[in-house]
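Reader: Before I set anything up, could you walk me through this model? I'd like to go from the overall fold down to individual side chains.

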Amino acid sequence: MTPQFAKSSPINNSARCNHRFPNGMRCRLIGFGSQPFCPKHTQPAAAPPQPDPAEIASTLTAGLNDFTSAAQINDFLSRLLLLLAQDKISTRRAAVLAYITNQILRTLPAIAKEENAQPTGIIVDMPGPYDPPGSDNSSVSAPQDTAATPGQQHQESQEPHKIQENGNK
């Protein structure tokens, strides 16, 4: 019999990442160059500290007491753009704040219309609509919208004279 050699196993491969998970398993990715860890587990350089949320809020709203004009909203959006460009605020948070200011801006005309609106007048003795033909109330008749032939117009123009002559009505 020939002696069996130990099979090379990827588990013990020295090129693999040396990161160990909490359950004791080893990362299966290959190390990055001569480093013992893969790019995912390489310790990143110290990230810059995140700015204080109170500082961001004071920067955005300095001098703005309410958002009742387009100029104030424009000022807020300009400050928001500067904070985003300086990477002091996340893109997602900036998008949410821009959306909210857009909604405020869209409501400004409606608010101005409500503030400048005339008081609603109440009409007490408004005449009612015409009664439909064939109803019980025949004191008011509906206006005639149908076009009459020339012969009918002549007859209608003569009927009032007949009524006046007879005195009946």
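**From fold to side chains**

Author: Of the 169 residues in the chain, 12% are buried, and please keep in mind throughout that this is a predicted model.

Reader: OK, what does the secondary structure come to?

Author: The chain has 4 helices and 0 strands, so that, read from the N terminus, its elements follow the order α-α-α-α.

Reader: And how much of the contact map comes from residues 24 or more positions apart?

Author: Counting contacts in the chain with a separation of 6 or more, 20% are between residues 24 or more positions apart.

Reader: What about the accessible surface, how much of that belongs to carbon and sulfur atoms?

Author: The accessible surface of the chain is about 14900 Å², and carbon and sulfur atoms contribute 57% of that area.

Reader: Switching to cysteines, how many disulfides are found in the whole structure?

Author: The search of the whole structure gives 0 disulfides. Cys27, for instance, takes part in none, and the nearest cysteine sulfur to it, that of Cys38, is 4.0 Å away.

Reader: Why is Cys38 not bonded to its closest cysteine, then?

Author: The closest cysteine sulfur to that of Cys38 belongs to Cys17, at 3.7 Å, which is too far for a bond, because a disulfide requires the two sulfur atoms to be within 2.5 Å. In general terms, a disulfide is a covalent bond between the sulfur atoms of two cysteines.

Reader: Are those sulfurs' residues, Cys27 and Cys38, buried or exposed?

Author: Cys27 has a relative accessibility of 3% and therefore counts as buried, and Cys38, at 0%, counts as buried too.

Reader: Any charged pairs I should know about? How many salt bridges does the search find?

Author: The whole structure contains 1 salt bridge, in which the side chains of Arg79 and Asp75 meet with an N to O distance of 2.9 Å. As a general point, side chains of opposite charge can pair when their charged atoms come close.

Reader: Where do Arg79 and Asp75 sit relative to one another?

Author: Both belong to helix H2, which covers residues 70-85, and because they are 4 residues apart there, about one helical turn separates them. Asp75 is partly exposed, its relative accessible area being 30%.

Reader: Now the aromatics, how many pairs are there?

Author: The count is 1 aromatic pair. It is formed by Phe67 and Phe76, whose ring centres are 5.3 Å apart and whose planes stand at 85°, so the arrangement is edge-to-face.

Reader: And how do Phe67 and Phe76 come out on accessibility?

Author: Phe67 counts as partly exposed at 24% relative accessibility, whereas Phe76 counts as buried at 6%.

Reader: What else does Phe67 touch, or rather, what is Gln72 in contact with?

Author: Once neighbours within four places in sequence are left aside, Gln72 is in contact with Leu64, Asn65, Asp66 and Phe67. Gln72 lies in helix H2, and with a relative accessibility of 18% it counts as buried, because the limit for that class is under 20%.

Reader: OK, and Thr101, which residues does that one touch?

Author: Not counting residues up to four places away in sequence, Thr101 touches Ile73, Phe76 and Leu77. Thr101 is part of helix H3, residues 91-115, and it counts as buried at 4% relative accessibility.

Reader: Where does the polar atom of that Thr101 side chain go?

Author: A polar atom of the Thr101 side chain lies 2.8 Å from the backbone oxygen of Ala98.

Reader: Backbone check: what is phi for Asp87?

Author: Phi of Asp87 is near 60°, which is a positive value in a residue other than glycine. Most residues other than glycine have a negative phi. Asp87 is placed in the loop between H2 and H3, and it is exposed, with a relative accessible area of 64%.

Reader: Last one, where is Asn13 found, and how far apart are the C-alpha atoms of Asn13 and Ile30?

Author: Asn13 is in the segment before helix H1, which spans 53-61, and it is partly exposed, with 35% relative accessible area. Its C-alpha atom is separated by 9.1 Å from that of Ile30, a residue 17 residues apart from Asn13 along the chain.

How values were computed:
Residues numbered from 1 in each chain as written. Predicted model: local features only at pLDDT ≥ 70, side-chain atom pairs only at ≥ 80, totals over all residues. Heavy atoms only, no water. Buried < 20%, exposed > 50% of the residue type's maximum accessible area, 1.4 Å probe, protein only. Phe/Tyr/Trp six-rings, centres within 6.5 Å; stacked < 30°, edge-to-face > 60°. Salt bridge = Lys/Arg side-chain N within 4 Å of Asp/Glu carboxyl O. Helix = DSSP H or I, 4+ residues; strand = E, 2+ residues; numbered from the N terminus. Contact = heavy atoms within 4.5 Å. Areas by Shrake-Rupley, 256 points an atom, 1.4 Å probe, with all protein chains shown as cover. Polar contact = N/O pair within 3.5 Å; in protein donor to acceptor, adjacent residues only side chain to side chain.
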